[in-house]
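Visitor: Could you take me on a close look at one part of this model, the place where the ligand sits? I would also like to hear about its surroundings.

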Amino acid sequence: MFNLQDLSTALYALSKAKGYAATVVLTLGLTLGTLIAMFNLNYQILAAPLPYADEEQLVVGSTAWLDKDGSVMYQRIMPQTMLQLYTKPSDKLSDQALFGYSFVSMTLRDLPDTPQIQIGYTTPGFMRMYQMPLLLGRAFADAEEIGSHNAVAVLSEKIWRKHYNADPAMLGRRIRIGNVDFTVVGIAAAAFSEPRFIGPSRTNDVWLPWDFNPVSQQSANSINGWHFYLAKLKHEADRLAFEQELRPQINHLFQESIEGLPSQTGRSVQFNAEPLRLLLKGDSSSRTLWMLAGSLMLLLIAAANITNLLLSRAAKQQRSMSIQAALGAQRHHLLSQTFAELTWLMLAALLLAQLVAEAAYALLQAYAANTLPRLFELGFDWPVLLFSLLATLLLALLFALLISRQINYRALQQSLQSSGKGSGVQISNRTRQLLIATQSALAALLLVCSAQVLLQSLTQLRQQVGFSSEQRYQITIDDTAPTSDSNQPREQRQAAQRQRKEELMQVRDLVRQHPAVQQASVSNYPPISFDGVYGSATYVPDLDNPTRILASRVATTDQYFLPLFDIPLLQGRNFTAQEVATQALVVIVNQAFAQKLRPDGDVIGQRLYSQGGVLTYEIIGVSANHNLPDEWSAEEPNRSYLPRNLISGTSLLLQLKPGMQLDKTALNQLMSQVSAHFRTAEIYSIEDNVTRVLMSNYLAAAVTTALVVLSFLLAAIGIYGVLSYSAQLRRFELGVRMAIGARPVTILRQLLGENLKPVLAGLALAAMLLIALWLGLQQTTLMVELSVGGFALPLALIVLLTVLTSLLSVWGIIRKPAIYALQGQ
Amino acid sequence: MKQQKICMQGITKVFATDEMETHALRGIDLEIFAGDFVSICGPSGCGKSTLLSLLGLLDMPTQGSYQIEGQEVSGLSLSEAAYIRNEKIGFIFQSFNLIDELTVFDNIALPLRYRRNAVPKAELEARVMACLKTVDMTHRAGHRPNQLSGGQQQRIAIARALVGSPALLLVDEPTGNLDSKNGDAVMDMLSELNSNGTTLCMVTHDPRYADMASRKLHLLDGRILDAEGTPLTQPETLLRQVAGQ
Ligand SMILES: Nc1ncnc2c1ncn2[C@@H]1O[C@H](COP(=O)(O)OP(=O)(O)OP(=O)(O)O)[C@@H](O)[C@H]1O
Ligand SMILES: [Mg+2]
C-alpha cells in the first residue's frame with residue numbers, strides 16, 4: 001500500500017500540519033481510550049477469568065427467606081441450621097468452607113491507638129479454594145477446623161505494614177481482638193484478590209477461625225446476612241443438582257428450628273448455589289454497559305469528526321494531487337501518501353488511547369472502588385489489547401475506504417487543464433449535509449442523556465441533607481468490659497446496661513465541659529453512621545390491629561441529639577433531662593412517620609406500642625425529615641427517637657467549636673475519669689459520612705460532566721471541521737460573490753441558512769429517538785425524571801454552536817478583501 | 001470636458017510575505033473618464049492584475065488616494081466597499097468565474113440581489129433578460145454554466161457585469177481562456193459596449209486587442225510608462241534603479 005519513503009514524507013507533511021495532526025490524535029486518542037477502558041471494565045465484570053483456579057467450579061451458597069405467601073423477604077441470608085451441612089458435605093463437592101463478615105468493626109486492643117479492623121470468620125477451605133497467597137507463615141489448616149477453638153489469626157499485609165511496621169517477628173506474636181488473644185500464624189500477601197461476596201466496598205483486615213464468630217454461638221433459629229456457605233463442585237455441571245439436593249434438606253432443618261414460633265409459621269428458606277462470577281458481578285453490569293454504550297457513542301462522533309478532518313485535508317492537498325496526477329501518478333500513488341499519514345495518526349492515537357485508558361483505570365479505582373466490582377484487576381490484559389488493536393484497525397480501514405471513495409481521480413486529472421477551478425476531491429453536498437446531520441444527532445443524543453443524569457445528580461447534591469454535619473463527629477467506643485453473659489438473668493443484664501448508660505452520660509457531661517466542644521450527645525448512631533448501619537425499631541400503632549407493624553430507624557439518645565444536628569422539631573417538644581434519666585416511654589417521630597400514622601401528620605399525644613403491646617410510648621414531638629437517600633432506602637424512611645435505652649453500637653456525638661479539634665488521647669483521658677473500660681475506637685467526621693453516601697451522586701455527576709464536556713467539545717470540533725471544510729471548498733465561489741458586491745454579512749447569513757438546515761434535521765432525528773427511548777424506558781422499572789431544561793438546553797447549545805462555528809469557518813474569508821478568496825489564499 | 005470616473009493618485013501596493021516585501025505598484029496616478037476604453041499591458045508580473053483589483057476595490061492600496069465619481073474610496077470598510085463594487089463596478093474575469101450551482105439567469109441576477117435596496121422582482125427579471133439579449137444568450141437562461149462552452153460562459157459573465165449598470169467595467173484577460181474566434185467575438189462585444197457609452201478598463205497581453213482601446217497604458221515594474229516607454233512619474237527613481245542593477 002505504501003513504502004518507507006511514503007511514511008517519512010507523511011511524517012514531514014504532518015509536522016507541517018501540527019494543528020490537524022494534534023486534533024485527530026487527541027480526538028481519537030481520548031475517545032478510543034475511553035472506549036478501551038469501558039470495554040476492559042465490562043470485560044472484567046462479565047468475562048475475564050477470576051483470579052482463582054477452577055473458578056467455574058466455585059459456588060456460593062445462601063438461602064432466600066420466603067414469607068408465608070412465597071414472596072422473598074430477604075435474599076442471601078444464612079439460617080443457623082445450615083451449619084449442619086458443613087459436618088456432612090454433599091459428595092458432589094471437592095471442598096467447602098464457611099465464611100462470615102463481622103457486622104461491626106472490631107478493635108486491635110493490643111495497640112495503644114486501638115485501630116478498627118474488619119474481620120472475616122472462616123474455615124480452612126476458604127483459603128484453599130481461593131488460594132490465599134501467604135507472604136509469611138501459613139494459612140488456616142485442619143487445626144483450625146470448626147470446633148478446634150484454636151485462637152490464631154491471619155493478618156492482611158496492609159494491616160501488618162500499617163500497624164506492625166511490617167515486622168516479620170509478628171509471626172507467633174499475639175494480637176488482641178475483643179477480649180481474646182490470637183496468635184498470628186500468617187500474613188496474607190497484598191496480591192490476594194479477596195472475593196467480595198457482599199459488594200466491592202467491604203474488605204477484611206484479619207481472618208479468624210469460624211469458632212470465634214459470634215454468630216456461631218447463636219441459637220438454632222437465628223438467621224444472619226453476610227454469611228455464606230462456600231463450595232467447590234467436583235464438576236461444574238453439577239451445580240443445579242447440588243442445589244436441588246440441598247434445598248429440601250436445608251428447608252427441613254429450618255422448619256424444625258422454627259417449630260413453636262407462631263410468627264414464623266409458614267415461612268421457608270430456599271437454598272441457592274450461585275456461580276461465584278454471578279454473585280461478584282452483582283447488578284453492576286447494567287451500569288457499566290451503559291457506560292460502554294456512552295463511550296461507543298463518543299467514539300462514533302469522533303469518527304465522524306475525523307472523517308471530516310481527513311476529507312478536508314485531502315481537499316487542501318487537492319492542488320498537489322492534481323499536479324501529481326498530471327505528471328502521471330496513478331490513483332494508488334495518490335492514496336498511498338494519505339494512507340501513510342493515516343497510519344501515523346492511528347498509531348499515535350492508539351498510544352495515547354492506552355495512556356487515557358490507564359488514567360481511566362486510576363480514576364475508577366480512586367473514585368468508584370466502593371461501587372463497582374473487580375476494579376483492582378483492571379489493567380493490561382491480552383483480550384483488551386486485542387480489542388484496542390481491532391478497533392483501531394477497523395477505524396483505519398473505514399477512514400481509508402471513505403477517503404479513497406472521495407478522491408475522484410478522473411476529475412483530478414482534468415482539473416489542471418480545465419479552467420483550473422474544478423475540484424477532484426470533493427464530498428458531494430449530500431454527503432456533507434449527512435455528515436453534519438449525523439454529527440449533530442449523535443451529539444444531541446449524548447448531550448441530552450448525560451444532561452438528564454447530570455441534572456438529577458446535581459439536584460440531589462444541591463439539596464440540604466436535613467441536618468448539620470460540619471464540625472460534627474461520631475466517636476465509636478470500644479468497651480473493654482467483659483461482655484455480659486447471655487446466661488445471666490435478665491435483670492442483671494439490664495442493670496449492667498443501665499450502668500453503662502449512666503457512665504456514658506457522665507462521659508458526655510465531662511466532654512461538654514471541654515473547651516473545644518460546643519455540644520455533645522450519646523446515641524446508638526448519628527443520623528448517618530460511618531458504616532451506613534442504623535438501629536431499627538418496630539411499633540404497632542393500633543392495638544386493635546396488631547398485625548400492622550411500622551418499622552423505623554431508631555436513635556436511642558438524649559435531649560442533646562436533635563439540637564446538636566440542628567434537626568428542627570415541627571411539632572411538640574424535645575426530651576427533658578428527666579425523661580432521659582428515667583428512660584421515660586416517650587418518642588419523637590419524623591414527619592414521614594407521622595404522616596403514615598395520620599395523613600395530616602398531627603400525632604402529638606398519640607400512642608405507639610411495642611410488638612406484643614408490652615410497652616406504650618407517647619409521641620411528644622415530630623421532627624423534620626432528612627433528605628439523604630442511601631443504599632437502603634431511596635425515600636426518607638420512618639425515623640424515631642427514644643430516650644429509653646441504649647442498644648448496641650454506642651457512639652458519642654460531638655460538635656466542636658469552629659476551628660477546634662479533639663484527638664483520641666484527649667478523649668481517652670476524659671473517658672478514663674469515668675470508667676477504665678472505655679476507649680475511643682475511632683473518630684469519624686459526619687461530613688465524611690454524608691459525602692460517602694453522596695459518593696454515587698458525585699460519581700454520576702463527574703462522569704456525566706465529563707461526558708457532556710467531551711461530547712460538546714467533539715461536536716464543536718466536528719461541526720467546525722465540516723463547515724470550515726465546505727467553506728474552504730467554496731472559498732473561490734464566495735470570492736466571486738464578494739467581487740460582485742456581496743457584503744460579509746450577506747455571505748454569513750447565506751451560509752448560516754445553509755448550515756442550520758442539516759443541523760436542525762439532525763436535532764429533529766435525535767429528538768424523535770429520545771422520545772422513543774423515553775417511551776421505551778417507561779415500560780421498564782427504570783426511574784427517569786425528565787427535565788425540560790436538560791432536553792432543550794443541549795439542543796439550543798448545538799444550534800448556538802452551529803452559528804458560532806459558521807462564523808468561525810468563514811471568518812478568514814470574509815474579514816479580508818475579496819481578492820484573497822479569489823486568489824485562493 | 002469629459003466626466004471623470006476614476007482618479008488615482010500616488011497609489012502603491014506592497015505585498016509583505018514571510019521572506020520579502022513585493023512592491024507590486026509603486027506610485028500610480030491614473031484618471032479615467034466617462035466613455036474611455038483603457039487597455040493596460042505590460043510584462044508578466046508588472047502589476048496589471050494588482051492594479052485592476054485595486055480599481056475594483058477587491059483589495060485596498062497600501063498608500064495613495066482613490067476616488068470613484070468623486071467619492072474617496074481608499075479607506076472604506078469591507079462592507080462599504082462591497083456596496084460600491086456592487087453599484088459602480090462590473091467585473092469580467094479571465095476564467096469567467098460563474099457559480100456552478102446557479103443557473104445562467106441566477107448568475108446574472110446575483111449583483112441585483114446583493115443591492116443595498118432590494119430590486120423589485122419584475123424589474124430584476126426585465127434587466128436580466130435585457131442583458132441576456134445584449135450578449136445574445138436569451139435561449140440559455142435556464143442552463144447551468146457547465147453546460148455552456150467557454151465563449152458562451154464569458155458572454156454570460158459579461159451580462160452579469162453589465163446587469164448593475166456599472167460606472168466602470170473591469171476586464172482581466174477576457175480572452176485568455178478562449179480560442180481566437182471566440183476571443184474576437186468577445187472583443188467585438190466589448191468595443192460595441194464602449195461605443196454605446198460604457199467605460200472600460202481592460203488588462204490584456206494581446207497587442208491586437210490592446211490597439212482597440214482609445215487609451216493604452218504600459219505598466220513596468222509597478223509604474224505607468226508614457227507612450228515612448230519612459231515613466232510618467234518619478235523618472236529619477238527608476239533611473240537610479242536601472243543604474244543600480
Ligand atoms: N498576494 C500576493 N502576495 C505577494 N505578492 C503578490 C501577490 N499578488 C501579486 N504579487 C506580486 O505582485 C507582482 C504583480 O503581480 P500581478 O499579479 O499584478 O502581475 P500581472 O501583471 O498581472 O502578471 P501576469 O501578466 O503574469 O498576470 C508580482 O511580482 C507578484 O509576484
Ligand atoms: Mg495577471
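Guide: Happily! Please keep in mind that this is a predicted model. Let me begin with the whole structure and then move in: a search over all chains finds 35 salt bridges. One of them joins the side chains of Glu55(A) and Arg277(A), with 3.2 Å from N to O. The two partners are 222 residues apart and link distant parts of the chain: Glu55(A) lies in the loop between α2 (18-46) and β1 (58-66) of chain A, while Arg277(A) belongs to helix α7 (276-281) of chain A. In general, side chains of opposite charge can pair when their charged atoms come close.

Now to the ligand itself. Residues from chains A and B surround ligand 1, so the site is shared between the chains. The shell holds 14 residues, and those that come nearest are Ser44(B), Gly45(B), Lys48(B), Ser49(B) and Thr50(B). By class, the shell has 10 polar residues, 3 nonpolar ones and 1 charged one. Two elements of chain B, β2 (21-33) and α1 (48-55), each supply at least two residues of this shell. The most comes from α1(B), which gives 3 residues.

Next, the individual atoms. The side chain of Thr50(B) has an N or O atom 2.5 Å from an oxygen atom of ligand 1. The backbone takes part as well: a polar backbone atom of Gly47(B) is 3.0 Å from a ligand 1 oxygen, and for a polar backbone atom of Cys46(B) the distance to an oxygen of ligand 1 is 3.4 Å. As for cover, ligand 1 taken alone exposes 630 Å², of which the protein buries 69%.

Since both chains surround the ligand, their own contact deserves a look too. Chain A brings 23 residues to the contact and chain B brings 20. Between them the chains bury about 1,900 Å², with 65% of that on carbon and sulfur atoms. On the chain A side, Arg737(A), Ile740(A) and Arg743(A) lose the most area to chain B, and together they make up 31% of what that side buries.

What about polar partners across this contact? There are 7 residue pairs in polar contact between chain A and chain B, counting pairs with both residues at pLDDT 80 or more, whereas the count of salt bridges between these chains is 0. The side of chain A that touches chain B draws two or more residues from each of α20 (731-739), α21 (744-779) and α23 (818-822) of chain A. Of the elements on that side, α20(A) gives the most, with 6 residues. By class, the side of chain A that touches chain B has 13 nonpolar, 6 charged and 4 polar residues.

How values were computed: Residues are numbered from 1 along each chain as its sequence is written. Chains are lettered from A and ligands numbered from 1 in the order in which they are written. This is a predicted model: local features need pLDDT of at least 70, side-chain atom pairs count only at pLDDT 80 or more; totals for chains, interfaces and linings use all residues. Side-chain values use heavy atoms; hydrogens and water are left out. A residue is near a molecule or strand if one of its heavy atoms lies within 4 Å of it. A polar contact is a pair of N or O atoms within 3.5 Å; within protein, one must be able to donate a hydrogen and the other to accept it, and residues adjacent in sequence count only if both atoms are side-chain atoms. Accessible areas come from the Shrake-Rupley method with a 1.4 Å probe; for residues, only the protein chains shown count as cover. Helices (H or I, at least four residues) and strands (E, at least two) are DSSP runs, numbered from the N terminus. Ala, Val, Leu, Ile, Met, Phe, Trp, Tyr, Cys and Pro count as nonpolar, Asp, Glu, Lys and Arg as charged, and the others, Gly among them, as polar. Contact means heavy atoms within 4.5 Å. Buried area is the accessible area (1.4 Å probe) that two parts lose on being put together, summed over both. A salt bridge is a side-chain nitrogen of Lys or Arg within 4 Å of a carboxyl oxygen of Asp or Glu.
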